[in-house]
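Colleague: I would like to learn how to read a few features of a structure like this, beginning with what it means for a residue to be in contact with others. Could you give the general idea each time and then the case at hand?

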Amino acid sequence: MPEAYIVSARRTAGGRRNGRLAGWHPADLGALVLDALVADAGVDPAAIDDVIIGCVSQVGEQTFAFGRNIVLASSLPDSVPAVTIDRQCGSSQQAVHFAAQAVMSGLQDIVIAGGVESMTRVPMGSPITLAKAGGIGANPFSEAIQKRYGVEMFSQFQGAQMIADKYGFTRDDHDRFALASHRKAAAAMDAGAFDREIVPVPIVTAEGEQAIHDRDEGVRADASMESIGSVKLLGEGGTLSAATASQICDGASGVLVASEAAVRAHGLTPIARIVNLAVTAGDPVIMLEEPIPATRRVLDRAGMSMKDIDLFEVNEAFASIPMAWMKALDADPARLNVNGGAIALGHPLGATGTKLMATLIHALKARGQRYGLQTMCEGGGIANASIIEVL
């Protein structure tokens, strides 16, 4: 089977809700990442066969051929096509899978996979809330779905708590995990661990001054068990709070995927090889436990074990998700989310997949390590899992 290589991997630093990236139209934010990927790779932008963009809230500024609008806002020629996809939180990780599949099939040679989400300008849930406000059908769950699963709706918050209860996690367990995420992220920022992956974004501050946004805005270096423990629980009798869930975040990210033939023809320098890919689906009610079977599937497909993987990136949608993943798979916590996760760094929904991919690649390179595995929970009880090899 032909190989698929990652030639460049970049992301913006996360912006808090109504924070430093709030003034950027999401198409323009995505365009910055496209331009950075092409510049890093040193490839003729006209040679790009396709652009695949993940985005969850496809309404308003993030609709009407959003991926194509990102291309039109960039320096890429308008001969480059694009498409927008939604696999919920795994949208841009799925974009990588589609890009790799296109390259491995031999039908395309250079594909950009990425994601963009401005959760400030297009708030989470906007496609439903705006439809409801407009007086048109807004419930995505038909009566047939509700009858089949015995629920009126699927809730990620309930799913996260169901997982916490299943694995016996307490509030103290979640709070400690969240504190570790902030401490790891703060240490990584201080050490410059994110510098090579971040695309600097010019901004105007609230004070009207010109500045550069190049540091993740949500990291709390002063976080403590006391401050995290003071945050109200998400549900009565539960163990999760907003402080132990991923932060609302604005951001964009992407990777450039190329075939072996394209690498030779264009003189490209790969930074990673895509080893194997998997996507699985299960119970949509508990919803967020699927990274566990997805991890097992991708390892089995690759003929590898957990011991073969040097670093893991498991999205911190809620603290209970990576904690359950670790417990079920007997994973080494020292290899998980070594530079912090979404609890500290933010979760810009459709952009998180390639955001984590960029962080994973650069973390492996910095440590001189070889294999990385990335997985994340997704709405509907789906999960993507990817294994990469740094070159």
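Modeller: Contact means that heavy atoms lie within 4.5 Å. Before applying that, note that this is a predicted model, in which local features need pLDDT of at least 70 and side-chain atom pairs count only at pLDDT 80 or more, while totals for chains, interfaces and linings use all residues. Residues are numbered from 1 along each chain as its sequence is written, and side-chain values use heavy atoms, with hydrogens and water left out.

Colleague: Which residues is Thr244 in contact with, leaving aside its neighbours within four places in sequence?

Modeller: Thr244 is in contact with His174, Asp175, Ala178, Ile228, Phe318, Ala319 and Ile343. Helices (H or I, at least four residues) and strands (E, at least two) are DSSP runs, numbered from the N terminus, and in those terms Thr244 sits in the loop between helix H8 (225–229) and strand S8 (249–259). A polar contact is a pair of N or O atoms within 3.5 Å; within protein, one must be able to donate a hydrogen and the other to accept it, and residues adjacent in sequence count only if both atoms are side-chain atoms. Here a polar atom of the Thr244 side chain lies 2.9 Å from the backbone nitrogen of Ser241.

Colleague: Is Thr244 buried or exposed, and is Glu236 buried or exposed?

Modeller: Buried means under 20% relative accessible area, exposed over 50%, and partly exposed in between, with a 1.4 Å probe and protein chains only. Thr244 is buried because its relative accessible area is 0%, whereas Glu236, which is also in the loop between H8 and S8, is exposed because its value is 87%.

Colleague: How should I read a positive phi, and where is Leu349?

Modeller: Most residues other than glycine have a negative phi. Leu349, although not a glycine, has a positive phi near 40°, and Leu349 lies in the loop between helix H12 (342–345) and helix H13 (352–367); with 5% relative accessibility, Leu349 counts as buried. Asn18 has a positive phi of about 60° and is found in the loop between strand S2 (15–16) and helix H1 (26–41), where Asn18 is exposed, with a relative accessible area of 61%.

Colleague: What volume does the largest pocket have, and which residues lie nearest its centre?

Modeller: On a 1 Å grid over the protein atoms alone, a cavity is a set of points where a 1.4 Å probe fits but cannot get out, and a pocket is an open set with protein on both sides within 12 Å along at least five of seven lines; lining residues have an atom within 4 Å of a point. Grid points are joined across faces, edges and corners, and a volume is the space filled by probe spheres set on the points. The largest pocket has a volume of about 1500 Å³ and is lined by 48 residues, with Met124, Gly125, Gln156, Phe157 and Leu349 nearest its centre. Helix H4 (126–133), helix H6 (156–167), H8 and strand S11 (371–378) are the elements that give two or more residues to that lining, and H4 supplies the largest share, 3 residues.

Colleague: How many cavities of 30 Å³ or more are there?

Modeller: The count comes to 5 cavities, of which the largest has a volume of about 40 Å³ and is lined by Val151, Met153, Phe154, Ser155, Gln158, Met162 and Val285.
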